[in-house]
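Please look over the model below. A short report on its chains, sheets and contacts comes after it.

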Amino acid sequence: MRPVLEVKNLKMYYNTRAGIVKAADDISFTLAQGESMGLVGESGCGKTSVSMSIMRLLAENANIVNGNIYFKGKDIVKLNDEEINKIRWAGIAMIFQAAMNSLNPVYKVGDQIIEAILAHEPNVTFEESRARVAELYKLVGLDPKRMDNYPHEYSGGMKQRAIIAMSLSCNPDIIIADEPTTALDVIVQDMILKEMAKIQKKLNMSMIYISHDIAVIAEVAEKIAIMYAGKIVELSDAVTVFKKPAHPYTVGLMSSFPSIHGEKKKLVTIPGEPPNLLNAPDHCRFAPRCPFATKECWEKMPLYEEISPNHFVACFHPQNLRKQVSKDA
Amino acid sequence: MPEVETSNATDVVIKVEHLKKYFPVRRGTFARAKQFLHAVDDLNFEVKKGEVIALVGESGCGKTTTGKTLLRLYEPTDGKITFLNRDVTCIHSAQDRKWLHSKSQMIFQDPFESLNPRKTIFDIVSEPMNVQNEGNLKQREKKVMDILNRVGISPPDTFLWRYPHELSGGQRQRVAIARALVMNPEFVVADEPTSMLDVSIRTQVMTLMMELIHEMHMTFIYITHDLAVARYMADYISVMYLGKMVEYGKTEEIIQNPLHPYTKALISAVPVPDPEFKRKSIQIKGGIGKAIDPPKRCRFYERCPFAKDICAKEEPMLIDVGEGHKVACFLYSKN
Amino acid sequence: MKSKENTKEVFESPLKIRMKLAWRAFKENWKIFSESKIGVLGLWIVITFAIAGFVVYPILASTVWKPTLSGMTSYDPVTGYDFTTMNNPTPPSWHHLLGTDPLGRDVLAQLLYSTPREFALGILAALITVFIGTVIGTVSAYYGGVVDTFFMRLADLVLLFPFIPFLIVLSGMIQIDLLRLALIIGLISGFGGITIVLRSQAMVVKVKPFIESAKVSGASNPYIIVNHIIPNVMPLSFLYMMFNVTGAIFSEAVLSFFGLLNIRMSWGLMIYTADTAGYIVGGNIGHYWWLWLPPGAAITLLCGAFYFIGRGLDEVVNPRLRRR
């Protein structure tokens, strides 16, 4: 099946006064129609930079230095502003971090969604778009009567649902959700995640979830990419990543996550702190924190390779590692 | 009727009886507040020396208000707080206040906001000693170095004269912990100390705190919205809902055998980092509201899938259902 | 062990370390300030005026402009009269670079003589303003309640207060000299707008967790105000000080122009003298330009310069305005 989105060797750098920040360095992945993918990483690892590159919503000092982003065969990197505007919302929609706070408090929520539709589809009449918003409200589990309410009359979960409705308003092929549930309470988060997964299945959309919370990603994503310091270090289907993690960082993340189910396991900590991406080194960026690092890791950058079918890892010692882990256990 | 049995033992560090904290709800500029938000409503518990209690609940359940009221950042509306066998509900003299604050401390949620950006690390960590007039400069310096070393800021002398913005989030939270512990407090309230940190840093800070709690034999109240974190940190878990304590018990007992429908829902909603794990979920309705002059009934009534008639008429009391596991729900009352 | 040794070194003189920190902070802020062209321009103008007033004038007064042997003080800014010139005011010449005024006094000497006084007035008034504003603003923000209401209503009253008419009446009752004027301006603007601005900034600081953190450590309210709130509103105070210098110099010029002040010489007074003698009327304006242009330009430039410095500082104080 032809992938709906293909990112190839994407490099997005920020030029700052202090030097070059390699926010996204050699990122490659594909996303098929109807597939949901999770992008996991700590703050500052470049996951938001990747999504901003896909949307071409780049800050003034940000450049796509290298690489291609193919959306339905068209290279987003090379499109001009007018063409990219057509793709935004209608092709790829985005739910921004803390988007629920971005609703304008002085306009009715329904009108804000209608405005988004009319801005992108000038042929649609007001009545048609209103009907469409009512449909969307039903889809995301909101009462269409609430369209004429103002944002302050919505609870946090309802606002987030409205934002999801807004992102669906132009029938996009892909939705990128950047930390869609971070500001929400556990119970509401659970409801929203279920709703999003349901809608995605129903509309056969592609979805990219971005989160720092590996448990949230495990709930919704079929495919998971683990990012560390501007690079994807491991990418595979969810089960492989969780059951047979190959990169030491992934292993560390899994075992440092406190779990509520099953036996209470001892928490394993990853020593040190994520590196500064400013003038990042040319060797493996995880080497300073890695318990398995060898001389090689401090000298070269490991290649991003397919170690088994559909399992990509950027590490010199993925095999070694598996033995060591089983020894520890 | 006391809901928590009174123990005579002197090892009770803090004891709370019928604690209430109401906030006036503003109605217009000139009108006097006629409505009150019941942020904490009739709370009873005690913490013994060396115990860690987690206050768990969603935002707006009153867990932070409880913590701040215990440390007297807020004046309690009603009730009694006994700290180290002294009544600290009403503090009148500056001396009493200094005594209380030399024995108790707080760790805040946001390490970016809880350190004054215009002070150096040395100023920040030594401030409690400064305020309490403890030791001379040399002694303070030594203590600051020791505690920084202990919390993993090393080598400490390279950090002393830096400003908070030069430190990473994890380091700042370590500094905040050092500041809280520099006076060897008996009792510490930690308000979501790890929720703003990254996963890998969070585990480091959690492990550090656990070590320090055991080492310094401190009494801890750990406020969190994350049951999984509470499971790792606490000996006891107390689940709060709209200002009320709905369930209390030993950590593993609460996690493995939750009784209150709200606790059940909360536990079932925690995402599991395992794609093959299928959670059994309990559907509860709507989101958390606000306890503004709540009617006299179970506060979970509107959302509870198991609500009975009595739940709408009376408020459930926190009752012991065996081995110190307490729950405030009519499903478990004997009559 | 090694770190122990370092410790002792570090602690030999905490004062020295603090000096170093302050110097480093100054350098960092200077770097940001120096990128704002308008701020640097303002600074240069102020420096030029300062040199002219504090260095050039004393030198000239004691060398070239010193009283002549016959006791003629032809260059004294207040009492001087040049008997060699006829028909005062005379246009600029080699003897009098900016000409003489209707009373035969040298315009350049008057201009330079007034400069240090303008500085003193502006800076003193601004210091008083900022001191009062910072104290009242932080105190009323921190304590709230009655204190807050009282000072805020007072600020409203002061803001609505007819400043110039008040001074006109006051000048009829007491002699307003430079020092008194600085005090009056300082007091009135100190209780006015600046209090409201600094109070709102203090409100922002007041709710930060580090204030609660200090309270939990047992810090008293005065301690918190002095050690936590004031240092965090100080940059803004400093910024407003610059704008207040402008305001004070400007008020002085206006009042002098109306002849309401009892001062020896000032830029405003220079224009007043020319005006009352009828030289700034109709066609005379263009003809006797040296009577009003130098003091007018000096007022505009110095006021503008302090304002420009304020604009430059604005970028230091509000990081959001900074360009990356």
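The report covers confidence, a strand, a sheet, a helix, two loops and the contacts between chains.

**Basis**

This is a predicted model: local features need pLDDT of at least 70, side-chain atom pairs count only at pLDDT 80 or more, and totals for chains, interfaces and linings use all residues. Residues are numbered from 1 along each chain as its sequence is written, while chains are lettered from A and ligands numbered from 1 in the order in which they are written.

**Confidence in chain A**

pLDDT is the predictor's confidence in each residue, from 0 to 100. Chain A has a mean pLDDT of 87. In chain A, 96% of the residues reach 70 or more. Helices (H or I, at least four residues) and strands (E, at least two) are DSSP runs, numbered from the N terminus. Among the elements of chain A, strand 9 (residues 223-228) has the highest mean pLDDT, 94. Helix 10 (residues 318-328) of chain A has the lowest, 54. Where pLDDT is low, the predicted coordinates should not be read in detail.

**Strand 9 of chain A**

A residue is buried if 20 or more other C-beta atoms lie within 10 Å of its own, exposed if 12 or fewer, and partly exposed in between, with C-beta atoms placed from the backbone. In strand 9 of chain A, 6 of the 6 residues are buried, so the strand is largely enclosed by the rest of the structure. A:Lys223, A:Ala225 and A:Met227 point one way. A:Ile224, A:Ile226 and A:Tyr228 point the other way.

Two strands pair if DSSP finds at least two bridges between them. Strand 9 of chain A pairs with strand 3 and with strand 10 of chain A. In the pairing with strand 3, A:Val40 stands opposite A:Ile226. In the pairing with strand 10, A:Lys223 stands opposite A:Asp237. The table sets these pairings beside one from chain B.

| Strand | Partner | Sense | Bridges |
|---|---|---|---|
| strand 3 (residues 36-40) of chain A | strand 9 of chain A | parallel | 4 bridges |
| strand 9 of chain A | strand 10 (residues 231-237) of chain A | antiparallel | 6 bridges |
| strand 7 (residues 187-191) of chain B | strand 8 (residues 219-224) of chain B | parallel | 5 bridges |

**Two positive phi values**

The hairpin of strand 9 and strand 10 of chain A has 2 residues between the strands. A:Ala229 lies in that loop. Its phi is near 50°, a positive value in a residue other than glycine. A:Ala229 counts as buried because it has 23 C-beta neighbours inside 10 Å.

In chain B, B:Leu242 is found in the loop between strand 9 (236-241) and strand 10 (244-250). B:Leu242 has a positive phi of about 45° although it is not a glycine. With 23 C-beta neighbours inside 10 Å, B:Leu242 counts as buried.

**Sheet of chain B**

How many strands form the open sheet of chain B, and in what order? There are 8 strands, in the order 6-7-8-3-9-10-12-11, and the pairing is mixed. Strand 6 (104-107) and strand 11 (319-320) of chain B are the edge strands, and each pairs on one side only. Between strand 7 and strand 8 of chain B, B:Val188 stands opposite B:Phe220.

**Helix 4 of chain B and what follows**

Helix 4 (residues 137-150) of chain B has 14 residues. The expected span of a helix is 1.5 Å times one less than its number of residues. Helix 4 of chain B should span 20 Å, and its end C-alpha atoms are 20 Å apart, which agrees. Buried residues in helix 4 of chain B include B:Glu141, B:Met145 and B:Arg150. B:Gly152 follows this helix, with a positive phi near 90°. B:Pro155 is in the loop between helix 4 and helix 5 of chain B. The peptide bond from B:Ser154 to B:Pro155 is cis, with omega near -5°.

**Contacts between chains**

Two residues are in contact if their C-beta atoms, placed from the backbone, lie within 7 Å. Between chains B and A, 34 residues of chain B are in contact with 33 residues of chain A. Helix 6 of chain B gives the most to the chain B side, with 7 residues.

The contact between chains C and B takes 23 residues from chain C and 27 residues from chain B. Helix 9 of chain C gives the most to the chain C side, with 7 residues.
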